[in-house]
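Reader: I would like to learn how the features of a protein model are read one after another. Could you take me through the one we have here?

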Amino acid sequence: QVQLVESGGGLVQAGGSLRLSCAASGINVGINSMAWYRQAPGKQRELVAAFTRYRSTNYADSVKGRFTISRDNAGNTVYLQMSSLKPEDTAVYYCYTKMNVYPYNEYWGQGTQVTVSS
């Protein structure tokens, strides 16, 4: 059974940093496509950062140069290091994975709240 558990969210002042963690079970984060999404109140869920199945990384334009996605294969954990945080980064952040084999099931974590005060 696949399970994704996020942690590390909280309240931080603008300009500060946070590191989110996504502890995975039932999958191998070194093989699967892994990503972080976020959803702000009244807005659609959007991609923040991702590892593709071809090992490359993608970032939303709004976070390039400030956020870094990484993974610890031994610990089966994916991280999102967030720096120079802005109030507009306030959202619930979700960990996501999609299986690489049919039927390509998708899984989400429960989310962790990040609030950036001005």
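Author: What follows goes through a sheet, aromatic rings, a disulfide and some backbone details in turn. Please keep in mind that this is a predicted model.

Reader: Let us begin with the sheet: in what order do its four strands lie, and is the pairing parallel or antiparallel?

Author: In general, the strands of a sheet pair through backbone hydrogen bonds, and the pairing is either parallel or antiparallel. In this structure the order across an open sheet of four strands is β1-β3-β8-β7, and the pairing is antiparallel. The edges are taken by β1, residues 3-7, and β7, residues 67-72; each has a single partner strand, so one side of each is left without a neighbour in the sheet. From one strand to the next, the twist averages 15°.

Reader: How many bridges join β7 to β8, and which residue is the bridge partner of Arg71?

Author: Six bridges join β7 to β8, the strand of residues 77-82, and the two run antiparallel. Within that pairing, Arg71 has Val78 of β8 as its bridge partner. The side chain of Arg71 can be followed further, for Arg71 lies over the face of Phe51, at 3.9 Å from the ring centre.

Reader: That brings us to the rings. How many aromatic pairs are there, and how should I describe the one formed by Tyr37 and Tyr96?

Author: A pair of aromatic rings is described by the distance of the centres and the angle of the planes. The count here comes to five aromatic pairs, taking ring centres within 6.5 Å as the criterion. For Tyr37 and Tyr96 the centres are 5.4 Å apart and the planes stand at 70°; since planes over 60 degrees apart count as edge-to-face, that is how this pair is classed. Tyr37 belongs to strand β4 (residues 33-39) and Tyr96 to strand β9 (residues 91-98), so the pair ties together parts that are 59 residues apart in sequence. Tyr96 itself is buried, because its relative accessible area of 10% falls under 20%.

Reader: Which residue pairs with Tyr94, and with what geometry?

Author: Tyr94 forms an aromatic pair with Trp108, again edge-to-face, with 6.3 Å from centre to centre and 90° between the planes. Because Tyr94 lies in strand β9 and Trp108 in strand β10 (residues 106-108), this pair ties together parts that are 14 residues apart in sequence. With a relative accessible area of 14%, Tyr94 is buried, whereas Trp108, at 38% relative accessibility, counts as partly exposed. Ring pairs link Tyr37, Tyr94, Tyr96 and Trp108 into a cluster. Tyr94 also has a charge over its ring, for the charged end of Arg45 sits there, 3.8 Å from the ring centre.

Reader: Turning to the cysteines, which two form the disulfide, and is the link left-handed or right-handed?

Author: A search of the whole structure finds one disulfide, and it is formed by Cys22 and Cys95, with their sulfur atoms 2.1 Å apart. The angle about the S-S bond is -80°, and the link is left-handed. Cys22 lies in strand β3 (residues 18-25) and Cys95 in strand β9, so that distant parts of the chain, 73 residues apart, are linked. Both cysteines, Cys22 and Cys95, are buried.

Reader: What should I look for in the backbone of the loops, and where is the cis peptide bond?

Author: Most residues other than glycine have a negative phi, and most peptide bonds are trans. The peptide bond from Tyr102 to Pro103 is cis, with omega near 5°, and Pro103 is placed in the loop between β9 and β10. In that loop between β9 and β10 one also finds Tyr104, which has a positive phi of about 55° although it is not a glycine; at 41% relative accessibility, Tyr104 counts as partly exposed. Ser84, placed in the loop between β8 and β9, has a positive phi near 50° and counts as partly exposed at 40% relative accessibility.

Reader: Finally, is Asn32 buried or exposed, and which residues is Asn32 in contact with?

Author: Asn32, in the loop between β3 and β4, counts as buried at 6% relative accessibility. Leaving aside neighbours within four places in sequence, Asn32 is in contact with Ile27, Arg71, Thr97, Lys98, Met99 and Asn100.

How values were computed. Residues numbered from 1 in each chain as written. Predicted model: local features only at pLDDT ≥ 70, side-chain atom pairs only at ≥ 80, totals over all residues. Heavy atoms only, no water. Pairing = 2+ DSSP bridges. Axes fitted to C-alpha atoms, helices over the stretch in contact; angles between N-to-C directions. Phe/Tyr/Trp six-rings, centres within 6.5 Å; stacked < 30°, edge-to-face > 60°. Buried < 20%, exposed > 50% of the residue type's maximum accessible area, 1.4 Å probe, protein only. Lys NZ or Arg CZ within 6 Å of the ring centre and 35° of its normal. Disulfide = S-S within 2.5 Å. Contact = heavy atoms within 4.5 Å.
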